[in-house]
Amino acid sequence: MTTTSGAKVQPESVLVWRAIHLSFVAIFGLGAFVHIGLALGNPDSYQPFADGALFDWVYDDWQNIFMADPRLWALLLGAGELLIAALLIFARRLGYLAVIAFHLALMLFGWGFWLWCVPALAFAVPAAVHTFRTERNARPE
């Protein structure tokens, strides 16, 4: 859109979608560094993470798999979050699918995580739909 003065102005909706997108990039990018820091500094801090899990198998698997080598798994978790941030930049559709899957999986760890995940999904799902629609419409036929 162009104003009468000739200056180009972004429609407000474009700015909102960009802000949502950059927020998810930042959340996952910073989350990666938090997990890497915890892995290197205090990997045992992950011990109580699954205490409120919705299913016994989530708690058991957390204790038997993740806590068997929390430093390794926390580094992998950090790498996974960094990958999601990169996907959001370079392969936006796949990035949003990863964001949604990540939050759905996180919800298995207990009702408290729903306080974060439900609002995050309330932004991620519409952003993913918007991305799928706009990228499909932008492709040359």
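**View 1. F109 and F113, an edge-to-face ring pair.** F109 is buried at a relative accessible area of 15%, where buried means under 20%, exposed over 50% and partly exposed in between (1.4 Å probe, protein chains only). Its partner F113 is partly exposed, at 24%. Their ring centres sit 6.3 Å apart with the planes at 70°, so this pair goes down as edge-to-face. The rule behind that: rings of Phe, Tyr and Trp (its six-membered ring) pair if their centres lie within 6.5 Å, with planes under 30 degrees apart called stacked, over 60 edge-to-face and the rest tilted. F109 and F113 also belong to one aromatic cluster with Y46, F49, W62 and F66.

A quick note on the model: it is predicted, so local features need pLDDT of at least 70 and side-chain atom pairs count only at pLDDT 80 or more, while totals for chains, interfaces and linings use all residues. Residues are numbered from 1 along each chain as its sequence is written, and side-chain values use heavy atoms, with hydrogens and water left out.

**View 2. F24 and Y96, an aromatic pair between two helices.** The count of aromatic pairs comes to eleven. One of them is F24 with Y96, edge-to-face at 6.3 Å centre to centre and 85° between the planes. F24 lies in helix α1 (residues 12-41) and Y96 in helix α4 (residues 92-106), so the pair ties together parts that are 72 residues apart in sequence. Helices here are DSSP runs (H or I, at least four residues), as are strands (E, at least two), numbered from the N terminus. Both rings are tucked away: F24 is buried at 5% relative accessibility, and Y96 is buried at 1%.

**View 3. The crossing of α1 and α4.** Zoom out from the ring pair and look at the helices themselves. Two packed helices are described by the angle between their axes and the distance between the axes. The axes of α1 and α4 come within 12 Å and cross at roughly 60°; axes are lines fitted to C-alpha atoms, for helices over the stretch in contact, and angles run from 0 to 180 degrees between N-to-C directions. The two are therefore oblique to each other, given that angles under 35 degrees count as roughly parallel, over 145 as roughly antiparallel, 65 to 115 as roughly perpendicular and the rest as oblique. The crossing is left-handed, meaning the near helix is turned anticlockwise from the far one by less than a right angle (clockwise would be right-handed). I20, H21, F24 and F28 of α1 meet R92, Y96, V99, F102 and H103 of α4, with contact meaning heavy atoms within 4.5 Å. By class, that's six nonpolar, two polar and one charged residues; Ala, Val, Leu, Ile, Met, Phe, Trp, Tyr, Cys and Pro count as nonpolar, Asp, Glu, Lys and Arg as charged, and the others, Gly among them, as polar.

**View 4. L75 and the packing of α1 with α3.** L75 is in helix α3 (residues 70-90) and is partly exposed at 32%. Leaving out residues up to four places away in sequence, L75 touches I36, A39 and L40. L75 and L40 are 35 residues apart in sequence, but 8.2 Å apart C-alpha to C-alpha. The axes of α1 and α3 are 8 Å apart, at an angle of about 165°, and the helices are therefore roughly antiparallel. Their crossing is left-handed, and the contact has 17 nonpolar, five polar and two charged residues.
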